[in-house]
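Colleague: I should be grateful for a close look at a single part of this model, namely the pairing of its strands. Please then follow the chain outwards from there.

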Amino acid sequence: AQCAPVDCGDTIAGLDENSHSNCTGRTTFEGRCAATCTDGYSCRSCADPNVTSAVFTCAASGTWRGNFSCTADVCTGGTVIQHSKRHGADSPCQTSTGEQCEYECEDGFDRLGNHTCYPNGTLIGGGCVGQPCTPQTVQFSDRDDDNPCTGVTSDECDFTCADGYTASGGPLVCSADHSFRGGKCVAEGPASCFELQQKDSSMGTGRYKISPGGELSATATCE
């Protein structure tokens, strides 16, 4: 009679869902086969946590003998989401492969989508997008009705003051309440005169005084 070696087969039974095997070559008694973690997972049962595979040996019982299990890797990239509560070292996303990081956006920003930890070690998909501000002009500057400040939350708007005026307060910033806030053009020197050529709800045409702070007076007219 001739004895044949036991054959353990071309796959390792009993591996967890985050690992796989493909035994080629010798699969009979004392043959060897590698089990490997799926991308984004590392060996949980190995001494070195960075190992992603282990070798099994075909035993006399006809089964592959070894110990191997995989656990999800923690994402280290994309852990911070600008303009959200996940911004800064005190509250980053702490998730593993396949998991989502929950986040909320600051006032004035809309949530972009789910922030998911991918096998490459990076969280992708989430974000906070600024909401648009109402267009705004800056009196006595190049930001007139034909060229108003526009943008979304946290955007800055630069402006250039007309001759005889200087900028005060820096650029305007689109705020969470959808309005621009910040600088203005201030008249240089003492009170000066301004020819108001277009009527509005409170003032008629004429010459009015402008304070050094850039305020137009409705009562103090110029001669």
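Modeller: Relative accessible area sorts the residues into three classes: buried means under 20%, exposed over 50%, and partly exposed in between, with a 1.4 Å probe and protein chains only. The model is a predicted one, in which local features need pLDDT of at least 70 and side-chain atom pairs count only at pLDDT 80 or more, while totals for chains, interfaces and linings use all residues. Residues are numbered from 1 along each chain as its sequence is written, and side-chain values use heavy atoms, with hydrogens and water left out.

I begin with strand β2, which covers residues 32-37. Strands are DSSP runs of E with at least two residues, and helices are runs of H or I with at least four, numbered from the N terminus. In a regular strand the side chains alternate between the two faces of the sheet. Strand β2 shows such an alternation: Cys33, Ala35 and Cys37 point to one face and are buried. Arg32, Ala34 and Thr36 point to the other face of β2 and are not buried.

Strand β2 has pairing partners in β1 and β4, where two strands count as paired if DSSP finds at least two bridges between them. With β1 (residues 19-21), β2 pairs in the antiparallel sense over three bridges. In this pairing, Ser21 stands opposite Ala35 in β2, and Ala35 is one of the buried residues of that strand. With β4 (residues 53-58), β2 also runs antiparallel, and five bridges join the two. Two of the positions can be named. Arg32 has Thr57 of β4 as its bridge partner, and Ala34 stands opposite Val55 in β4.

Strand β4 repeats the alternation. Its residues Ala54, Phe56 and Cys58 point to one face and are buried, whereas Ser53, Val55 and Thr57 point to the other and are not. The two named contacts with β2 therefore join residues from the faces that are not buried: Arg32 and Ala34 in β2, with Thr57 and Val55 in β4, in regular strands whose side chains alternate between the two faces of the sheet.

The chain then leads from β4 into strand β5 (residues 64-65), and two bridges join this antiparallel pair. Trp64 in β5 is the bridge partner of Cys58, and Cys58 is buried. Together β4 and β5 form a hairpin with five residues between them. Within its turn, Gly62 has a positive phi of about 90°.

Further along, the loop between β6 (70-72) and β7 (100-101) holds Thr97. Thr97 is buried because its relative accessible area is 11%. Thr97 and Val74 lie 23 residues apart in sequence, yet the distance between their C-alpha atoms is 6.4 Å. Lys85 is found in the loop between β6 and β7 too. Lys85 counts as exposed, because its relative accessibility is 59%.

Lys85 brings in the salt bridges, of which the structure holds two. The term requires a side-chain nitrogen of Lys or Arg within 4 Å of a carboxyl oxygen of Asp or Glu. Lys85 meets Glu104 at 3.3 Å, N to O. This pair links distant parts of the chain, as Glu104 lies in the loop between β7 and β8 (109-111), 19 residues apart from Lys85.

The other named pair is Arg181 with Asp177, whose side chains meet at 2.4 Å, N to O. Both residues are partly exposed: Arg181 at 49% relative accessibility, and Asp177 with a relative accessible area of 41%.

Arg181 leads to another sheet, an open one of three strands in the order β12-β14-β15 with antiparallel pairing. Its edge strands, β12 and β15 (180-181), each pair on one side only. Strand β14 (residues 172-174) is joined to β15 over two bridges in the antiparallel sense, and Val173 has Arg181 of β15 as its bridge partner.

The loop between β14 and β15 contains His178. Phi of His178 is near 75°, a positive value in a residue other than glycine. His178 is partly exposed because its relative accessible area is 32%. A comparable case is Ser154, which has a positive phi of about 85° although it is not a glycine. Ser154 belongs to the loop between β11 and β12, and a relative accessible area of 37% makes it partly exposed.
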